[in-house]
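Reader: Could you take me on a close look at a single part of this model? I would enjoy a connected account of one helix and the sheet beside it.

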Amino acid sequence: MTTAVPGIEQRRILSTEIPGPRSKELHDRRVHSVSAGLTVGLPAYIERAEGSILVDVDGNHLIDLGAGIAVMSVGHTVPEVTEAVARQAMHFTHTCFMVTPYEQYVEVCETLNSITPGDYEKRSALFNSGAEAVENAVKIARLATGRQAVVVVDHAYHGRTNLTMALTAKNMPYKDRFGPFAPEVYRVATSYPFRDGLDGAEAAARTIAQIETTVGRHNVAALLIEPIQGEGGFIVPARGFLAALSAWCTDAGTLFIADEIQTGFCRTGEWFATEHEGFVPDLVTTAKGIAAGLPLAGVTGPAAIMDAVHEGGLGGTYGGNPVAAAAALAAIEVMRRDDLAGRARTIGAIARTRLDALALETPSIGEVRGRGAMIGIEFVEPGTTVPHAAAVKQVIAACAAQGVLVISCGTFGNVIRLLPPLSISEALLDDGLSVLESAIRDLQA
Ligand code: PLZ
């Protein structure tokens with residue numbers, strides 16, 4: 001079998017303005033056919049992709065520094081994944097695992113059980129999206145503890161379904177006028193060193209005090225938290241914050257759910273971001289990078305917790321679909337073979353060296369932070385900590401015009417996040433960073 005998309009030159013090429021005429025035509029069709037409720041970052045319509053290059057319908061080659069929001073960690077159209085998907089599609093595409101099972105589902109669960117943190121007997125269950133995984137983790141935690149309250153933190157993002165909207169912090173655009181939201185969700189402070197100035201122990205003490213006084217320790221089924229906050233602004237908590245919360249959870253009989261949907265699968269330089277923090281979460285939710293773009297998500301945890309659920313209590317028509325499962329097995333094998341965790345650390349080192357230097361001479365950069373290939377640049381009004389969202393918009397537009405795709409995040413919309421495919425070549429990374437640097441320098445001009 002041959003590669004589906006052969007030979008895309010791994011180089012930035014500008015053939016037209018971006019978006020070009022063909023993309024503009026498609027955008028016009030979109031406006032008349034797709035709900036206005038979906039926005040688009042860069043309206044260049046993609047026709048093909050390979051590695052870290054997206055080719056649009058006008059023939060522009062864009063450097064992808066967003067990887068479809070941390071999904072394409074292995075790179076686009078990697079032959080091993082493409083072939084696994086094609087092969088599986090020719091064998092069978094669906095039975096529903098609850099009706100008649102298949103090996104690929106079991107093998108993904110075995111793999112998740114072995115690579116997630118924690119050296120004990122585990123079980124997993126598979127779903128379609130990150131939000132669905134989070135919903136199910138909450139269901140499992142409530143059943144296993146016999147408690148109802150779920151504690152989440154400021155700047156959290158966990159999805160767009162009804163329960164996960166309640167778990168997500170930011171109103172606009174995720175929640176506005178979409179309520180009422182699910183009950184028994186409580187929000188407490190997080191650790192955001194750039195803005196709160198607290199060390200890990202201080203931030204944890206504040207968070208724990210809030211939980212104990214406003215919720216009550218015996219009521220909390222789960223504390224749900226992203227080890228590095230994604231949509232909320234690529235916020236790396238102060239060292240010790242997460243471990244202290246985990247210790248509190250153990251003491252309180254509460255489950256610590258690590259939402260590793262954005263941070264997982266080598267993105268931060270380890271298989272999972274909690275591994276940097278010296279503790280083991282109780283439940284882990286995964287999605288995004290797991291299956292190179294096919295919809296798949298998982299919940300993994302100790303056998304005693306995961307098996308506490310009554311027969312038939314978990315499921316769904318498509319969860320763990322065989323094609324998505326085949327893609328996951330191939331993608332995870334590529335991560336292992338090519339040491340993509342190591343690649344993530346190298347990408348982080350290269351990018352941080354350049355961006356840290358740039359920050360020193362750029363008063364509108366408040367902070368550069370992150371781990372591995374999950375890097376955020378927080379913009380502020382020069383000389384203050386006032387969020388500067390306009391700077392982010394300007395830099396992203398300037399990068400797009402030059403064929404470099406970068407995306408933003410942050411409760412205040414003032415963070416640029418870099419999430420390149422972990423397989424990106426150093427030449428493409430350098431070129432992408434050069435374009436980004438000059439766009440940032442132009443802010444001052
Ligand atoms: N948990 C930590 O990052 C998805 C959202 C994009 P789904 N983040 C991208 C958007 O604007 O909808 C995410 C996440 C974390 C859960 C989710 C939800 O994953 O697969 O989008 O449902």
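Author: Happy to; what follows looks at helix H14, the sheet it packs on, and then helix H4 by way of a second example. Please keep in mind that this is a predicted model.

Let us begin with the sheet. It is open and has four strands in the order E1-E2-E3-E13, with mixed pairing. Strand E1 (46-50) and strand E13 (404-405) stand at the edges; each has a single partner strand, so one side of each lacks a neighbour in the sheet. H14 packs on this sheet and touches strand E2 (53-56), E3 and E13, while its direction makes about 90° with that of E3. As for how E13 is joined on, strand E3 (residues 61-64) pairs with it in the parallel sense over two bridges. Here Asp64 stands opposite Leu405 in E13.

Now for the helix itself. H14 covers residues 426-444, and because each of its 19 residues counts for 1.5 Å, a span of 27 Å is expected; the end C-alpha atoms lie 28 Å apart, which agrees. Its buried residues are Leu428, Leu429, Gly432, Leu433, Val435, Leu436, Glu437, Ala439, Ile440 and Leu443. In general, an α-helix has 3.6 residues a turn, so residues three or four places apart point the same way.

Helix H4 (residues 103-115) can be read in a similar manner. Its 13 residues reach 18 Å from first C-alpha to last, close to the 18 Å expected. Among its buried residues are Tyr105, Val108, Cys109 and Leu112. The cover over the buried residues of H4 includes helix H3 (79-91), strand E4 (122-127), strand E9 (283-286), strand E10 (297-302) and helix H11 (322-337).

Key:
Residues numbered from 1 in each chain as written. Predicted model: local features only at pLDDT ≥ 70, side-chain atom pairs only at ≥ 80, totals over all residues. Heavy atoms only, no water. Expected span 1.5 Å × (residues − 1). Buried < 20%, exposed > 50% of the residue type's maximum accessible area, 1.4 Å probe, protein only. Pairing = 2+ DSSP bridges. Contact = heavy atoms within 4.5 Å. Axes fitted to C-alpha atoms, helices over the stretch in contact; angles between N-to-C directions.
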